[in-house]
Amino acid sequence: MATRKKATAKPAAPTPATPKAPVKAATKPAPKKVSPAKAPAGKGAVKKAIVKKAGAKKPAAKPQASAKPVKAAKPEKTKKPKLVRDSFTIPKAEYVVLDELKQRAARLTRPAKKSELLRAGIKLLAGISDAAFLTALEQVPAIKTGRPTLGS
């Protein structure tokens with residue numbers, strides 16, 4: 001029988017002592033994400049998951065420089081007053097006065113809404129004396145509350 005000769009391994013050449021730079025993986029552009037609206041639809045449509053590279057690392061957070069000023073606390077926001085919606089009955093003659101007051105405000109370069117006029121009147125009434133307030137109330141006749149009839 002023939003005997004097989006064993007191959008003798010040659011000793012490896014000594015490696016140089018110079019340090020090598022770490023080998024970086026080739027960078028590929030990240031695959032574009034496909035929005036669901038643009039993705040092909042149908043039975044054969046398959047969504048591909050985007051896989052992060054194993055060697056990719058998030059950049060370390062940069063320490064904050066002491067030269068940046070510290071932001072002051074935000075001032076508390078003032079809460080808006082709660083609004084109340086209401087309806088009321090008013091004589092037509094007084095309603096016409098509201099329209100005249102709106103036109104007067106517009107001529108004075110300060111257009112106003114009916115609600116602004118009513119609120120201004122309330123502020124004026126709140127600021128007058130009790131005697132003047134009673135006099136103003138006596139000049140306003142009482143009316144029947146509720147919705148007016150269709151004929152009036």
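Helices (H or I, at least four residues) and strands (E, at least two) are taken here as DSSP runs, numbered from the N terminus. By that reckoning the protein has 3 helices and 0 strands, and from the N terminus on its elements run α-α-α. This is a predicted model, in which local features need pLDDT of at least 70 and side-chain atom pairs count only at pLDDT 80 or more, while totals for chains, interfaces and linings use all residues. Residues are numbered from 1 along each chain as its sequence is written, and side-chain values use heavy atoms, with hydrogens and water left out.

Begin with the whole protein, shown as a surface. Buried residues (under 20% relative accessible area, with exposed meaning over 50% and partly exposed in between, for a 1.4 Å probe and protein chains only) make up 3% of the 152 residues.

Next, select residues 92-107, which form helix H1. The 16 residues of H1 should span 22 Å at 1.5 Å a residue, and its end C-alpha atoms, 23 Å apart, agree with this; the expected span is 1.5 Å times one less than the number of residues.

Now add helix H2, residues 114-127, whose axis comes within 10 Å of that of H1 and crosses it at roughly 100°. The two helices are therefore roughly perpendicular to each other, a term that covers angles of 65 to 115 degrees. In their contact (heavy atoms within 4.5 Å), H1 contributes Tyr 95, Leu 98, Leu 101 and Lys 102, and H2 contributes Lys 114, Leu 117 and Leu 118.

Finally, select Thr 109, in the loop between H1 and H2. Thr 109 has a positive phi of about 60° although it is not a glycine, and it is exposed, with a relative accessible area of 71%.

Technical notes. Axes fitted to C-alpha atoms, helices over the stretch in contact; angles between N-to-C directions. Parallel < 35°, antiparallel > 145°, perpendicular 65-115°, else oblique.
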